[in-house]
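Reader: I'm a first-year student, and I'd like a close look at one part of this protein. Pick a good helix and show me what is around it, step by step.

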Amino acid sequence: MPQILRAIDCNAPSVRIPSSAVVGFDPMIHQTLDDWRMPSAYRIESLLKVIQYVYYPILAIVGVPVNIITIVTLTSRNCGLSKCVTRYLVAMSAGDLLVIILDLILRHIPIVYWEHFYFLLSFPVCNIHAALLYAATDCSVWFTVTFTFDRFVAICCSKLRSKYCTEKSAAVVLGTVTVLSCLKNVFWYFMLLNTYRLGNFPWFCDFTGDTIDSLAWGTIELLHYILNPCVPFVLILLLNALTVRHILVSSRARRRLRAHRSSENPRDPELESRRKSIIFLFVISANFIILWSTFMVYSVWNRMYDLGLNFRLDFYVMELGFMLQLTSCCTNTAIYAVTQTQFRQQLKNLLKYPLTAIFQLNTA
């Protein structure tokens with residue numbers, strides 16, 4: 001795996017690797033990971049490079065079919081969800097699928113397996129790729145925010161629920177988010193060059209030194225990272241906190257009311273429904289926050305360093321952030337399967353369908 005040598009060297013140019021270590025993959029990894037003279041941050045980064053060599057292809061092999069199956073299951077089968085909720089979940093899966101294709105398959109895998117992707121250097125489309133990638137990422141993140149807001153309205157705003165929580169409103173909201181995300185990321189086309197770098201610096205396109213060192217670039221990029229994922233973090237946490245507060249208050253009132261009516265106090269279907277809804281919402285929100293937090297911290301901190309902050313985070317934080325962020329694009333199906341009984345059953349039926357069809361053809 002000689003690709004590791006190039007990835008390690010380009011991301012930590014200040015560390016000189018002995019020539020005796022650059023003989024093959026195993027001596028290099030041994031030298032990098034075990035030599036006490038190597039900085040610990042450098043050894044961690046080298047280990048992550050080795051993991052990415054195996055992890056990224058597996059993630060791509062799993063992520064693409066998983067999101068396609070999720071979209072098919074939600075759109076073609078009755079999963080016990082409202083049409084409004086189904087719209088949001090389908091959009092979230094579609095956004096995740098685009099991120100896997102544009103970011104994982106067309107960006108990170110070529111960087112890890114750089115020797116097999118030299119031909120990309122002859123394709124002058126990197127700035128277009130970057131604009132589409134960041135637009136897809138914005139869509140994926142903000143679809144989660146709009147879904148969280150929709151559930152907040154459905155649970156906490158009874159007067160607005162009938163007007164906002166509809167299939168038509170969901171389509172308008174999702175369409176607006178998509179258009180705004182595309183318009184917001186057009187500037188990448190003009191700020192990056194059209195040639196690939198095959199490396200994370202943290203951009204994968206070439207750029208001019210005057211551009212990257214300019215105050216305008218730093219300000220625009222900082223605003224980019226504030227809008228995604230900093231603002232979504234705050235909104236999701238705020239909306240979930242307000243939703244929890246409303247549910248706790250209404251649940252206590254409902255229990256007191258039922259206690260006066262019945263001494264047996266049987267199970268309340270309404271409370272059970274609320275509990276399932278909030279668990280579903282919280283798991284989706286927690287998945288986003290946990291897996292995106294490392295990338296968010298590094299992105300903002302790194303740009304603040306370029307604008308004058310005295311302390312800079314190590315490169316391995318960036319690589320770990322990328323790995324966790326990409327993982328978040330493959331987890332929603334598992335969340336739906338664990339928290340939604342009807343979705344789990346329909347997913348089983350969909351997966352069994354090809355085997356059932358083959359069996360029927362053989363017995364016919």
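**A helix and its surroundings**

Author: Start with the rings. Tyr225, Phe233, Phe288, Trp292, Phe295 and Phe322 are linked into a cluster by ring pairs. Keep in mind that this model is predicted. Across the whole structure, a search gives 20 aromatic pairs. Take Trp114 and Tyr118 as one of them: their ring centres are 5.3 Å apart and their planes meet at 85°, so this pair is edge-to-face. The two partners differ in cover. Trp114 is buried, with a relative accessible area of 11%. Tyr118 is partly exposed, at 46%.

Now for the helix. I pick H5, which runs over 126-156. Begin just before it. Val125 sits in the loop between helix H4 (83-112) and H5. Its relative accessible area is 34%, so Val125 counts as partly exposed. Val125 also belongs to a nonpolar surface patch of about 760 Å². The other members are Phe119, Phe123, Ile128, Leu132, Val186, Tyr189 and Phe190. Which helices feed this patch? H5 and helix H8 (187-191) each supply at least two of its residues.

Step onto the helix itself. Cys126 is joined to Cys205 by a disulfide, with 1.9 Å from S to S. The two cysteines come from distant parts of the chain, 79 residues apart: Cys126 is in helix H5, while Cys205 is in the loop between H8 and helix H9 (209-212). The link has a handedness too. With -90° about the S-S bond, it is left-handed. Both Cys126 and Cys205 are buried. How many disulfides does the count come to? One.

Two other cysteines make a good contrast. Why do Cys329 and Cys330 not form a bond? The sulfur of Cys329 has its closest cysteine sulfur in Cys330, 6.2 Å away, which is too far for a bond. The cut-off for a disulfide is 2.5 Å between the sulfur atoms. Cys330 is in no disulfide either. Both residues are covered. Cys329 has a relative accessibility of 2%, so it counts as buried. Cys330 is buried as well, at 13%.

Move along H5 to Asp138. Side chains of opposite charge can pair when their charged atoms come close. Here, Asp138 forms a salt bridge with Lys184, and the closest N and O atoms are 2.8 Å apart. Again, distant parts of the chain are linked: Lys184 is in helix H7, Asp138 is in helix H5, and 46 residues separate them. Buried or partly exposed: what is Asp138? At 1% relative accessibility, Asp138 counts as buried. Its partner Lys184 is partly exposed, at 22%.

That bridge has company. The whole structure holds six salt bridges. Helix H7 (residues 167-184) takes part in another at Glu167, whose partner Arg87 lies in helix H4, 80 residues apart in the chain. The closest N and O atoms of Glu167 and Arg87 are 3.3 Å apart. Glu167 is partly exposed, at 31%, and Arg87 is partly exposed too, at 36%. A further bridge joins Arg197 and Asp206, with closest N and O atoms 3.8 Å apart. Arg197 counts as partly exposed at 26% relative accessibility. Asp206 does so at 24%.

Last, look inside. The largest nonpolar core has 52 residues, and the members that touch the most others are Tyr56, Leu104, Trp188, Trp203 and Phe204. Several helices supply at least two residues each to this core: helix H3 (40-76), H4, H5, H8, helix H10 (215-261), helix H11 (269-306) and helix H12 (315-327). Which helix gives the most? It is H5, with eight residues.

One more buried residue is worth a glance, away from H5. Glu221 is in helix H10. Its relative accessibility is 3%, so Glu221 counts as buried. Compare its distance to Phe187 along the chain and in space. The two are 34 residues apart in sequence, and their C-alpha atoms are 9.9 Å apart.

So what does H5 take part in? H5 supplies residues to the nonpolar surface patch. It holds Cys126, one half of the disulfide. It holds Asp138, which pairs with Lys184 of helix H7. And H5 gives the most to the largest nonpolar core.

How values were computed
Residues are numbered from 1 along each chain as its sequence is written. This is a predicted model: local features need pLDDT of at least 70, side-chain atom pairs count only at pLDDT 80 or more; totals for chains, interfaces and linings use all residues. Side-chain values use heavy atoms; hydrogens and water are left out. Patches are made of residues with over 30% relative accessible area and no salt bridge: like charges are joined within 9 Å, nonpolar side chains (Val, Leu, Ile, Met, Phe, Trp, Tyr) within 5 Å. Accessible areas come from the Shrake-Rupley method with a 1.4 Å probe; for residues, only the protein chains shown count as cover. A salt bridge is a side-chain nitrogen of Lys or Arg within 4 Å of a carboxyl oxygen of Asp or Glu. Helices (H or I, at least four residues) and strands (E, at least two) are DSSP runs, numbered from the N terminus. Buried means under 20% relative accessible area, exposed over 50%, partly exposed in between (1.4 Å probe, protein chains only). Rings of Phe, Tyr and Trp (its six-membered ring) pair if their centres lie within 6.5 Å; planes under 30 degrees apart count as stacked, over 60 as edge-to-face and the rest as tilted. A nonpolar core is a set of buried Ala, Val, Leu, Ile, Met, Phe, Trp, Tyr and Cys residues joined through side-chain atoms within 4.5 Å.
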